[in-house]
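Please open the model in your viewer and keep the sequence panel beside it. The stops below each begin with a selection and then say what is found there.

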Amino acid sequence: MTFPIKQCRWLYISLSILSLCLAVTITPAIASLQLPTTSTQNVSASTSQPTNWLEQGRNLYHSGRFVEAVTIWQTAAQQYHTQGDRQGEALSLSYLSLAQQELNQWEAAQQSIEQSLKLLQIAKPSADAILWAQALNTQANLQLHTGKAETALESWQQAQKFYDQAGDKTGSLGSQINQAQALQSLGFYRRSKQQLEALTQKLQGMPDNEIKVSGLRSLGLALQMIGDSNQSQQILEQSLAIAQKIAAKPHLSSILISLGQTAVDLKDPESALNYFEQAQLLTTNPSDQLQARLAQFKLFLNYDKLEFATPLAPQLLQQLRELPPSHTSLYAAINFVATLNHQSNSDQILPLKDLAQLMAVTVKSAQQIRDTQAEAYALHQWGKLYRRTQQLSEAQDLTQKSLNIARQLQANDIIAQSAWQVGQLYKQQGDRSKAITAYTEAVNALKALRGDLVAINPDVQFSFRTSVEPVYRELVDLLLENQPSQAELIQARELIESLQIAELDNFFREACLDKTQQIDRVDPTATVIYPIILPDRLTVILSKAGQPLRSYVTHKSQAEIEQTLNNFLVALNPVSDSKNRDRLSQQIYGWLIRPEEADQAFIDTKTLVFVLDGRLRNIPIAALYDGKQYLIEKYAVALSPGLQLMATRSLHQNHISAIVGGISQSRAGFSALPAVESEVKQISKSVSSSLLLNQEFTSKALAERVKSSSASIVHLATHGQFSSRLEDTFLLTWDGEVNVKEFSELLKNRGSDPSKAIELLVLSACDTAAGDDRAVLGLAGLAVKSGARSTIATLWPVKDRAAAMLMTRFYEQLRQPKITKAEALRQAQISLIRQTDFHDPFFWSGFVLIGNWI
């Protein structure tokens, strides 16, 4: 079968269907350890009953019956305590903490693991090393879940020592993979990658056995979670080959499902389908069979293959009805309905009443096994089904119940979804005030999640466009209806800034920024412009020091606005009709600038700072035309992800120094950039520089220069690409591509002292991914994440001779006294317009300044 190329990911609530398949040692996405299979004979040889309870609890845990596992392990711990067996009690409490973590009972989990470690401390030196390893691993898992990545790293390092002492290779490897995950949570991507590479080498040197199979699969999953899908695929394929070679049948289906998910990430649906089908055929485990079939079903729907999805749906429904209640079966049912709820035509696949009946049974089953989180999710999906049939009263009742449970659990991921749905229902019923209150609760929950969106549920990150962004936009739309008050304008502006940060969090799969600074404290001569594209209008909010916010509205549909922006981008090509380009440019100027000018809103303004929204990010604001002049000829222009700027400090023009690097020769399949050599040499003459050209420009050499030098500027003239996909955003060094996370870590190589931060990062030969309407996210992401106060880069590949000329003039201007970076770029652009053959906007307007413009 042939699939059309189409990007589409769905939100799967709480646990994705794939994350339910536990790795043998670890699920890297949430660092959740599988319980060890170590015999408890060292714990207590004479007390068989508690030992049986431990085993029974393990079985319940693995079948997803966490509440029952908690009860059993509490009983075991009490029995061991009565018998004075400290090691048995410690092991029971360690297990108990894991089950409590699965139920989000964080305080109880903390108490259980603290008591376990205390008992092991008392039992020294006779305490079994494997018990110490297990308890420390459980503690680290809890620490990572509760935002203490640094202490989690230390705990896993200690756990590894105990696993090594006990000779447990699988446990040791699992702890090392977890350490790599903790390093990523702390932002140390290169260290994490080095650790994973070292683990790969260790695994390659091991004999082919089940430990190697499970270690490679866990490593493959870890790489998948950090976005290194190609490397993940290679490692998982090795794991599969060894599992087939040694006939490790229990491992095959889970590896195949993981490979299928990696193929989905790599946009290779045919391979993904093949892996899922193989997994289904090879396993005799009903749970694995269900996961494989659900994965196929999701894939068919994502690629609009209803002819394959439709016959599979009733089979899955029947299978889900027959499963005994467990954590796994509940979430399988919830995810199945969630998938269909995202389909506008799902009633053609299954009657909605059948789905509602499944959710009703799921709610009862969740109550039966006391899985309140699953109950809240099921109520949410059930309410969504009623909303689709316009039974608004029933939908409101069910969704409110879901929200009430979520509040009790303090489960922000459920609060965000259910409060959003409550808001939508109020909006549908015309109650604007209650709708705004509910939407605000949803947004606050999303903000509280931030980095946890990755740690808890990777699917939330990937469904940003369908499950996170609309919450913000729909609330902004409500706030800006009719004549918004100052309070509503302030809230709308804050929401747009929060949305920008949420998008960057989504891009990096972690929380990015927290620093905020008021614009009038940054630069009283700047005006900040927030254009917001709404379904039926374009609203522009204006923020100026010491003045109330203003707003301006253009009534145009979102489709018409985006089409005009797309047409303008096409018209910027030098071979296009310049009259058509100017007409489109004037039209956009009329939306964004002319009403404010007529209102005399820009008096005393020197710099316009744009916090751009959606498709507007891709257009060169400097090239907007009023019929006589370009915008850049009137004002300096800068872009910002909001007012989240680092503390301001202008460059000391007399002491500018730079690290200058570049590649002029063809390399790694990229074409030569002949003007780069003259560009970097000319810049080296303009400012005091340390030069790395061609063979000298390696990632290691650049890292060493950044660390050892006090240079305030890093200027790189090399190939690179910005994309809305993290894995497709990179810069080229002589020794290969450096992805954006590694690059940003490299630039932060001077420690945490803010006074040593790079003032300006210049990327003069990079490209944004063609056709990717969110490619500038990669550019903004790098600008923010690198720690550089300002970044200059290009929205498209610019003729390298024009780039060299503009950059040379930029540095000449930058050395002038009391000039801002934005003004220096403005003067360089004006010089190309008025003094060279490169006066066409294509050659100069693609250069943008992001961040601190002073």
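Begin by selecting residues 800–814, helix α34, together with residues 821–835, helix α35: in this predicted model, the axes of the two helices come within 8 Å and cross at roughly 135°. Angles over 145 degrees would count as roughly antiparallel and 65 to 115 as roughly perpendicular, and α34 and α35 are therefore oblique to each other. The crossing in which α34 passes α35 is right-handed. To see the contact itself, show the side chains of Ala802, Met805, Leu806, Arg809, Phe810, Gln813 and Leu814 on α34, and then those of Lys821, Ala824, Leu825, Gln827, Ala828, Gln829, Ser831, Leu832 and Gln835 on α35. Coloured by character, the residues of this contact divide into nine nonpolar, five polar and two charged.

Keep α35 selected and hide its partner for a moment. The 15 residues of α35 should span 21 Å at 1.5 Å a residue, and this agrees with the end C-alpha atoms, which are 21 Å apart. Is α35 enclosed by the rest of the structure or not, and how many of its residues are buried? Eleven of the 15 are buried, so α35 is largely enclosed by the rest of the structure. You can mark these buried residues as Lys821, Ala822, Ala824, Leu825, Arg826, Ala828, Gln829, Ile830, Ser831, Leu832 and Ile833.

Next, select residues 352–368, which form helix α16. This helix has 17 residues and reaches 24 Å from its first C-alpha to its last, close to the 24 Å expected at 1.5 Å a residue. Its buried residues are Leu352, Asp354, Leu355, Ala356, Leu358, Met359, Thr362, Val363, Ser365 and Ala366. If you now add residues 306–322 (α14), 327–341 (α15) and 372–388 (α17), you will have on screen the helices against which the buried residues of α16 pack. Before leaving, select Arg370, which follows α16 and has a positive phi, near 55°.

Two further stops concern the backbone, and a point of background helps here. Most residues other than glycine have a negative phi. Go to Gln410, which lies in the loop between α18 (392–409) and α19 (412–428); although Gln410 is not a glycine, its phi is positive, at about 55°. Is Gln410 buried or exposed? Its relative accessibility is 67%, so Gln410 counts as exposed. Then move to Ala668, in the loop between β8 (657–662) and α30 (675–686), where phi is again a positive value, near 55°, in a residue other than glycine. Ala668 has a relative accessibility of 58% and therefore counts as exposed.

For a buried site, select Phe568, which lies in helix α27 (residues 558–571) and has a relative accessible area of 0%. Which residues does Phe568 touch, leaving aside those up to four places away in sequence? They are Arg581, Leu584, Ser585, Ile588, Ile619, Pro620, Ala623 and Leu624. Of these, Ile619 is worth a distance label, since the C-alpha atoms of Phe568 and Ile619 are separated by 7.9 Å, with the two residues 51 apart along the chain.

Finally, clear the selection and look at the whole protein, which has 36 helices and 17 strands. Of its 854 residues, 62% count as buried. Among the contacts in the protein with a separation of 6 or more, 71% are accounted for by residues 24 or more positions apart.

Terms used: Residues are numbered from 1 along each chain as its sequence is written. This is a predicted model: local features need pLDDT of at least 70, side-chain atom pairs count only at pLDDT 80 or more; totals for chains, interfaces and linings use all residues. Side-chain values use heavy atoms; hydrogens and water are left out. Axes are lines fitted to C-alpha atoms, for helices over the stretch in contact, and angles run from 0 to 180 degrees between N-to-C directions. Helices (H or I, at least four residues) and strands (E, at least two) are DSSP runs, numbered from the N terminus. Angles under 35 degrees count as roughly parallel, over 145 as roughly antiparallel, 65 to 115 as roughly perpendicular and the rest as oblique. A crossing is left-handed if the near helix is turned anticlockwise from the far one by less than a right angle, and right-handed if clockwise. Contact means heavy atoms within 4.5 Å. Ala, Val, Leu, Ile, Met, Phe, Trp, Tyr, Cys and Pro count as nonpolar, Asp, Glu, Lys and Arg as charged, and the others, Gly among them, as polar. The expected span of a helix is 1.5 Å times one less than its number of residues. Buried means under 20% relative accessible area, exposed over 50%, partly exposed in between (1.4 Å probe, protein chains only).
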